[in-house]
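Thank you for making time this morning. I would like to talk about charged side chains and how they pair, and I will keep to a few cases.

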Amino acid sequence: MLQEILGQVSAQLTSGLKEKVGLDQDQAKQALDLSKDSLISSISREAISGNLDGILDMVNMGASANQSPVFQNLLGGLDKDLISKMGVSPEIAGKISTVVLPAIIKAISDYKEGNLDISDLTKMIGGGLGDSFLGKAGDLLKGGLGNFFK
């Protein structure tokens, strides 16, 4: 479900990155791909930490989602990833994030007109986020518990 939603906003986001940030087509695609990966990873971390209610609150806040602590965590993680993996300046990373993140959260929220419930969120995690989520959970458990038993 998440991949489907992201696919629906890709063209709009690519255009927005080109117009508002000044990226060329290849840079916009790279920024968008990196943004998707970063957001999936960050949402997975939030879910693994037990913050499903926080994620749910954020996606149901609509236009005011940027006031959510989860949104701010996602924004910080995205900026960090854009700077370290794409090599852009903090200023450009901030511009990319402010184009991409609100649009993706709005698309998720609009999926059920801002009325997502825990079942919808679970389907989203079980669908598009599922493999990534399970992989991250496995990595965290291997790292955390593996070191515990040494």
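What follows is a walk through some of the salt bridges in this model, which is a predicted one.

As general background, side chains of opposite charge can pair when their charged atoms come close. In this structure there are four salt bridges, and I will go through some of them by helix.

Let me begin with helix α2, which covers residues 25-48 and contains both Lys-29 and Asp-33, set four residues apart, or about one turn of the helix. Their side chains meet in a salt bridge, with an N to O distance of 2.8 Å. As for exposure, Lys-29 is partly exposed at a relative accessible area of 49%, and Asp-33 is also partly exposed, with 33%.

Moving on to helix α4, residues 69-86, we find Lys-85 and Asp-81, again four residues apart and separated by about one helical turn. Here the closest N and O atoms of the salt bridge are 3.9 Å apart, which counts because the cut-off is within 4 Å. Which of these partners is buried, and which is exposed? Asp-81 is the buried one, with a relative accessible area of 16%, whereas Lys-85 is exposed at 56%.

Finally, in helix α5, which spans residues 90-111, Asp-110 and Lys-106 lie four residues apart, about one turn of the helix. The salt bridge between Asp-110 and Lys-106 brings their closest N and O atoms to 2.5 Å. Asp-110 is partly exposed, with a relative accessible area of 42%, and Lys-106, at 49%, is partly exposed as well.

Technical notes:
Residues are numbered from 1 along each chain as its sequence is written. This is a predicted model: local features need pLDDT of at least 70, side-chain atom pairs count only at pLDDT 80 or more; totals for chains, interfaces and linings use all residues. Side-chain values use heavy atoms; hydrogens and water are left out. Helices (H or I, at least four residues) and strands (E, at least two) are DSSP runs, numbered from the N terminus. Buried means under 20% relative accessible area, exposed over 50%, partly exposed in between (1.4 Å probe, protein chains only).
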